[in-house]
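Work through the exercises below with the model open beside you. Each task is followed by a stepwise solution.

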Amino acid sequence: MAIIHVDGQDYEVNGAQNLLQACLSLGLDIPYFCWHPAMGSVGACRQCAVRQYKDEDDDKGSLVMSCMAPAADQTRISIEDEEAKAFRASVVEWLMINHPHDCPVCEEGGHCHLQDMTVMTGHDRRRYRFRKRTRRNQELGPFIAHEMNRCITCYRCVRFYNDYAGGTDLGAFGAKDNVYFGRYAEGTLESPFAGNLTEVCPTGVFTDKSHSEQYTRKWDLQFAPSVCHQCSMGCNISPGERYGSIRRIENRYHGEVNGYFLCDRGRFGYGYVNRSDRPLLPEWRQQPDEEPTTLEVDTALARITDTLRHSQRVIGIGSPRASLESNHQLRELVGADNFSTGIEAREQACLALMDDLQRTTGLHTPTPRQIENHDAILVLGEDPVQSAGRLGLNMRQAALSRREAMGEKIGIPAWNAEALKTLGQDVYHPLHIAWPTATELDDVATRYPLAPEEIARLGFAVAHIIDPAAPVVDNLDPATRDTAQRIADDLMAAERPLVVSGGSLVSDSVLQAAGNIAQALARRARQGGLVLIRREANSTGLSLMGGQTLDWAMDELTEGRADAVVVLENDLYQRLPAQRVDQALARADIRVVLDHQRTATLARASFTLPAASFAEGDGTLVNLEGRAQRFFQVYEPGYLRPEARIHESWRWLHALAAGLRREDATDVNLDEITAACAEAHPALTGMVEAAPGAGYRIEGLRLAREPHRYSGRTAMRANLSVSEPRPPQDEDTPFAFSMEGYSGFDHPRQQVAFAWAPGWNSPQAWNKFTDEVGGHLSGGDPGIRLIHRQPGHRDYSLRIPAAATAENTLRALVLPSLFGGDETSARAEPIQQRMATPVVILCHIDAEALDVHHGDTLVLGDSPAMTVHEQDDWPTGWAGLPAGLLPGLAQGEALTLSKTTGGEP
Amino acid sequence: MSQSIPSQRQSTQYRSRLLQPETERSADTHPLTWRLRDDGEAVWLDEYLRKDGYQSVRKALNEGDPQAVIANMKEANVRGRGGAGFSAGLKWSLTLQGGDMPRGYLICNADEMEPGTFKDRLLMEQQPHLLIEGMILGAYANNSFYGYIFLRGEYVESARVLNRAIDEAREAGWLGPDINGSGFDFDIAVHTGAGRYICGEETALINSLEGKRANPRAKPPFPGQSGAWGKPSVVNNVETLCNVPAVILNGADWYQGLSGDRTKDGGTKLYGVSGPVEKPGLWELPMGTTGAEILERAGGMRDNRQLKAWLPGGASTGFLLPEHLDLPLDFDTVGKEGSRLGTGLLTVVPQEMSMVALMRNLEEFFARESCGWCTPCRDGLPWTVKLLQALEHGQGEEGDIELLDKLAADCGPGLTFCAHAPGAAMPLETALRHFRHEFEQGVGKPRGEAHEDPIPVGQV
């Protein structure tokens with residue numbers, strides 16, 4: 001801590017920060033552009049000038065850039081100094097010289113940092129009377145629009161894209177007043193984190209193309225605090241809605257999970273919510289092949305309960321992409337004995353093992369932010385960027401943070417970004433990745449292209465080196481032994497070693513190996529960590545809730561032990577081979593499917609109930625840390641589309657349960673369901689605390705979903721009726737579907753629908769909602785951790801796979817895939833444009849055996865043609881296939897690939 | 001002045017030429033140039049060795065005390081000849097070395113691009129071994145393991161000469177492993193720049209050397225802490241390094257004595273003159289020689305022109321007036337007059353030259369050479385160009401001159417990321433101060449509304 005004196009006032013600040021960050025954290029406004037809390041200072045824009053005095057007696061002082069000056073104890077500065085103010089006005093005037101006066105038609109307008117800073121510095125008259133410089137724009141792919149005329153040359157884009165996120169295809173070109181930020185040639189921005197440019201850019205150079213087509217000003221959007229449903233990371237998001245559709249997803253700051261950044265799957269994958277083919281009404285189908293007829297809600301509920309009542313046994317199939325509340329209500333409806341998680345058996349076993357390892361190895365699971373402080377990482381059988389998007393950015397920062405340690409030795413502060421980059425060059429904290437094919441982290445990592453069993457054997461070998469009490473791996477080849485030694489040396493030399501593994505390979509032995517390493521490390525360094533990546537948004541939650549496997553449910557149906565099934569937000573064809581699902585569903589007389597998407601499973605339903613997506617409903621998810629987080633309904637679909645009958649699945653299931661008991665479906669609210677769920681499942685007890693309940697008020701007010709400038713409310717429904725109905729009432733949450741309610745920042749709170757503060761319209765407004773800039777939300781970061789390290793003893797796993805022997809079979813190695821590997825986001829148009837063309841990775845030997853070469857095509861049965869990608873170091877006997885390409889394909893399944901003959905595939 | 005040296009203007013091809021005959025130069029008084037030949041041919045290794053070449057290296061490596069080299073340099077107070085005038089010895093004393101600190105780089109700043117400056121090329125073209133000798137000493141003092149000469153790309157003759165000399169030196173054991181049996185290793189490579197003024201800024205130079213954009217770096221950390229490729233690095237100007245051998249050989253007192261009582265800065269300086277004088281050229285003179293004496297050596301103004309103003313050391317220094325000609329040209333004296341010694345090569349401005357046109361020309365250069373990193377320089381300097389263009393064409397508006405004042409003030413030291421914009425501001429500020437009436441003549445209009453009458457690109 002340090003005391004600084006600002007304009008005569010004394011403040012206590014974090015002395016490790018620079019003056020700009022310290023002052024912003026105090027709530028003092030200093031304008032800035034090039035500085036970013038996550039990316040440090042570079043001193044380029046000169047906007048944050050303040051006057052600094054040497055000591056008490058110095059009344060002259062000199063102007064300094066507050067971002068480049070340490071907040072050292074007894075620093076004396078003046079923000080209000082007239083000369084400093086005049087210089088800041090000059091800077092913004094220069095920045096505006098070539099900036100177009102296109103705010104009214106610019107998509108950044110209304111959440112533009114440049115607008116905010118221009119107003120803050122008081123620049124409102126143009127004195128530059130000469131012609132402006134103009135530039136060409138580039139086509140940068142389906143996510144990002146480019147408008148270079150607006151650029152103020154703050155260099156944030158390249159600093160984020162290249163230095164922070166490891167991208168290589170965005171650069172600064174030219175010099176003087178003609179620096180161009182773009183690609184060397186037009187084309188899609190390759191980084192999976194490119195979407196953050198829309199928030200990193202302080203003005204409208206990089207904007208969200210998915211938003212552009214359905215553009216709405218920030219002040220006209222309705223928001224709710226939400227949680228991304230596209231992987232197990234649990235990034236906090238702020239979706240914005242207008243006229244009944246989601247218009248964009250913005251990052252919602254969370255100090256421990258996602259910070260300021262999202263991955264592109266999370267940001268641009270929301271399009272499935274807006275699909276025009278979504279089920280809006282209950283549907284009924286007498287025969288599987290019939291066109292469905294729509295039903296009124298009461299009729300649908302009555303018919304479903306009637307038929308269910310007459311069935312002998314109802315199986316409920318839950319879903320790891322649905323909320324805990326919905327899964328719990330399904331379990332309540334069908335009974336615990338008849339409840340399946342909807343997860344395939346091997347994956348479920350892996351999930352259970354991951355929960356167990358998190359509790360018993362002795363290493364705790366760091367938050368994603370804490371990962372950045374680990375000084376050696378081993379990734380065993382995962383490709384973090386593909387399987388958990390945002391997590392890859394955290395791991396990259398961990399590798400890069402070696403610079404900070406080096407800088408500390410010679411007195412370079414952690415915020416001096418360019419200086420640390422210079423000092424660190426290409427020296428990183430060790431990051432070892434055992435994974436068969438290229439990953440986004442390879443430029444800062446050492447990667448070992450191994451097959452799943454070999455990855456496990458390597459892991460067991462590492463554990464044995466760290467702790468000789470861990471089992472020995474027999475017949476280990478010398479090369480693997482050396483690799484294991486190198487990895488073990490790095491992990492043992494580290495203060496905070498981290499082991500990352502997960503379910504992507506669906507391999508018990510890989511996870512056991514990771515567990516052994518974690519346990520071995522725990523005996524040495526208590527500061528180590530273990531991170532286990534799950535596949536879907538609520539995989540962890542479902543595993544904690546428990547239930548039978550999907551395979552069990554299929555067997556129960558196929559073998560006639562049940563004659564009805566209720567499927568919750570789950571496309572079974574994504575998880576098991578079509579034939580097996582077909583067989584099971586064919587045996588069920590009643591097939592009730594609740595979903596918000598028209599999946600293959602929904603197409604087989606006898607009854608369909610239109611479920612809410614994350615945008616229309618509330619619920620709780622548990623992320624890969626074990627953090628329970630609540631997502632809140634963004635908008636009420638019925639308000640603008642009165643014909644729609646979309647409800648949360650838990651609400652439908654509650655009504656069905658009441659109907660079965662021949663009771664009237666009394667209304668129920670989220671808090672009751674959450675409480676019941678928590679009570680029913682000891683592992684989930686904490687979930688109630690994940691967010692405040694519906695009764696939460698600030699200053700007696702509900703929380704507003706809409707900014708106070710929200711316009712058109714009285715008119716937006718006028719095409720339906722000129723009289724404005726009462727806005728929808730929200731009995732489930734403390735949020736109001738209105739601009740009326742609390743939306744300020746002075747009262748600490750965790751659940752912030754949108755960040756706005758007077759003078760701060762851009763995403764930089766999050767600065768006002770945090771305890772210190774870049775720190776934690778002032779009311780604490782949302783969510784509650786449900787999985788804790790338990791004291792006790794775990795025996796080392798002995799399940800070491802045997803060394804691979806030459807076999808003739810080719811097995812599927814399904815590779816997680818950020819674009820296309822997630823069921824729902826793969827239904828969003830911009831994501832579809834970014835999906836890789838169907839490809840199959842083979843080693844040279846296997847390609848030769850199939851008589852194919854790089855670029856030829858193969859098919860599996862009636863699959864689409866897949867282009868052969870020969871990779872020199874790819875493991876023999878495996879065919880690499882991106883997830884989502886062949887639904888229902890099991891990890892490790894034996895494949896018979898055949899060469900396509902003649903013509904175009 | 002000997003008649004044997006042809007006038008510069010008579011030669012068909014420009015060659016850097018010292019306008020002092022061999023007879024005037026001696027080892028005692030002209031440490032930088034006494035070995036140079038009147039015929040202008042390079043002094044190669046044999047001749048260089050005959051003229052006491054590499055004696056200082058022999059001496060320093062024999063003594064085996066790098067810190068003593070630094071102490072000598074500090075005591076001699078050799079101030080940076082690239083224009084900033086920072087003590088080279090002090091700079092060297094701040095280089096991190098020892099412990100687990102890696103050995104870094106000794107970089108010679110030979111990117112001589114300051115308009116009106118042509119001194120380093122003389123040393124490189126005609127006496128390459130003096131620079132190499134100075135670099136070996138610098139490397140020894142700073143524990144550098146490799147040297148780079150960052151050479152202005154257009155200096156093809158310098159590149160040719162330096163490379164040949166480096167080969168000679170390596171062949172003879174003055175470069176490479178175990179120099180002269182001392183156990184000290186050091187070698188040098190010539191890196192030719194791609195042609196940006198900003199590469200003369202030492203940290204931009206390092207970035208360029210690393211293959212990055214030639215943007216300056218924030219200081220601290222200084223190159224001595226984290227320089228090229230993050231290792232401790234020292235960047236010195238050619239002339240600075242060429243001063244080192246004599247300091248080591250003859251001592252700090254001797255060096256201090258070279259300038260007599262003209263100034264407290266020691267040593268000699270390569271002074272020069274460009275512009276409409278009779279004999280533009282270079283002279284090695286005691287530090288603190290007056291402008292009048294230098295101008296006299298240059299034969300005075302050509303064709304009876306009148307001197308209106310002069311820049312003491314390149315385009316980035318402030319204008320001085322005829323009344324300043326009697327001041328000793330050293331770092332501190334010139335600094336007190338609102339200018340800088342800079343490179344010490346005078347540019348003279350005759351009475352009939354328009355200060356507005358001259359400033360427009362200079363500011364075009366500075367605006368064009370901005371790296372584009374910080375706002376005042378990147379966006380402020382082009383605005384000064386536009387305003388000066390307007391004034392030049394009589395299209396200036398009321399308030400333009402005050403705006404230029406403000407722009408010059410806002411580009412001052414400390415406000416911008418590096419010294420480039422302050423270098424552009426200093427001549428502008430001094431021109432506005434001394435010759436305001438010339439600028440006022442360009443104001444032909446009342447203040448208009450922005451974009452009321454858009455002016456086509458390229459015209460104003």
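Two residues are in contact if their C-beta atoms, placed from the backbone, lie within 7 Å. Keep in mind that this is a predicted model.

**Exercise 1. Find the buried residues of helix α3 (residues 66-76) of chain B, and say what covers them.**

Step 1. Apply the burial cut-off: 20 or more other C-beta atoms within 10 Å. In α3(B), the buried residues are B:Val69, B:Ile70, B:Asn72, B:Met73 and B:Ala76.

Step 2. Check their directions. They span an arc of only 160° around the axis, which puts them on the same side of α3(B).

Step 3. Recall the helix geometry. With 3.6 residues a turn in an α-helix, residues three or four places apart point the same way.

Step 4. Look for the cover. It includes α2 (55-63), α4 (88-93), α6 (128-142), α9 (238-250) and α10 (252-257) of chain B.

Step 5. Move past the helix end. Just after α3(B) comes B:Asn77, with a positive phi of about 55°.

**Exercise 2. Decide how helix α4 (residues 156-164) of chain A sits in the structure.**

Step 1. List the buried residues of α4(A). They are A:Arg156, A:Cys157, A:Val158, A:Arg159, A:Phe160, A:Tyr161 and A:Tyr164.

Step 2. Compare with the helix length. Seven of the nine residues are buried, so α4(A) is largely enclosed by the rest of the structure.

Step 3. Name the packing partners. The buried residues of α4(A) pack against β7 (171-173), β8 (180-182), α5 (197-200) and β9 (206-208) of chain A.

Step 4. Inspect what follows. A:Gly166 comes after α4(A) and has a positive phi, near 75°.

**Exercise 3. Describe the side of chain A that touches chain B.**

Step 1. Count the residues in the contact. Chain A gives 34 residues and chain B gives 38.

Step 2. Assign elements on chain A. β4 (62-65), α2 (82-97) and α15 (417-424) each supply at least two residues to the side facing chain B.

Step 3. Find the main contributor. α2(A) gives the most, with six residues.

Step 4. Sort by class. This side of chain A has 18 nonpolar, eight polar and eight charged residues.

**Exercise 4. Divide chain A into domains, then examine the contact between domain 2 and domain 5.**

Step 1. Set the bounds. Chain A splits into domain 1 (2-96), domain 2 (128-274), domain 3 (296-343 + 545-784), domain 4 (347-540) and domain 5 (810-899).

Step 2. Take the centres over C-alpha atoms. Those of domain 2 and domain 5 of chain A are 30 Å apart.

Step 3. Count the contact residues. Domain 2 of chain A provides 14 residues and domain 5 of chain A provides twelve.

Step 4. Classify the domain 2 side. It has eight nonpolar, five polar and one charged residues.

Step 5. Add the annotation. An unreviewed UniProt entry places "domain: 4Fe-4S Mo/W bis-MGD-type" at residues 221-277 of chain A. The end C-alpha atoms of that span lie 23 Å apart, and the span is 9% helix and 32% strand.

**Exercise 5. Work out which strands stand at the edges of the sheet β26-β27-β30 of chain A.**

Step 1. Read the order. The sheet is open, has three strands and pairs antiparallel, in the order β26-β27-β30 (chain A).

Step 2. Identify the edges. β26 (619-622) and β30 (784-785) of chain A each have a single partner strand, so one side of each is left without a neighbour in the sheet.

Step 3. Examine one pair. β26(A) joins β27 (residues 627-631) of chain A in the antiparallel sense over four bridges. Here A:Leu621 faces A:Gln629 in β27(A).

**Exercise 6. Locate the backbone exceptions in the loops, and classify A:Glu569 and B:Asn304 as buried or exposed.**

Step 1. Recall the norm. Most residues other than glycine have a negative phi, and most peptide bonds are trans.

Step 2. Check omega. B:Lys219 and B:Pro220 are joined by a cis peptide bond, with omega about -5°. Another cis bond joins B:Pro220 and B:Pro221, with omega about 0°.

Step 3. Place these prolines. B:Pro220 is in the loop between α8 (202-209) and β4 (233-237) of chain B. B:Pro221 is in the loop between α8 and β4 of chain B.

Step 4. Check phi. A:Glu569 has a positive phi near 40°, and B:Asn304 has one of about 60°.

Step 5. Place both residues. A:Glu569 lies between β23 (564-568) and α21 (578-587) of chain A. B:Asn304 lies between α11 (291-297) and β7 (307-311) of chain B.

Step 6. Classify them. A:Glu569 is buried, with 30 other C-beta atoms within 10 Å. B:Asn304 is exposed, with 6 other C-beta atoms within 10 Å.

Terms used: Residues are numbered from 1 along each chain as its sequence is written. Chains are lettered from A and ligands numbered from 1 in the order in which they are written. This is a predicted model: local features need pLDDT of at least 70, side-chain atom pairs count only at pLDDT 80 or more; totals for chains, interfaces and linings use all residues. UniProt positions are given in the numbering used here, feature names are shortened, and annotations may be inferred rather than shown by experiment. Ala, Val, Leu, Ile, Met, Phe, Trp, Tyr, Cys and Pro count as nonpolar, Asp, Glu, Lys and Arg as charged, and the others, Gly among them, as polar. A residue is buried if 20 or more other C-beta atoms lie within 10 Å of its own, exposed if 12 or fewer, and partly exposed in between; C-beta atoms are placed from the backbone. The arc is that of the directions from the helix axis to the C-beta atoms. Domain bounds come from an automatic or database domain assignment. Two strands pair if DSSP finds at least two bridges between them.
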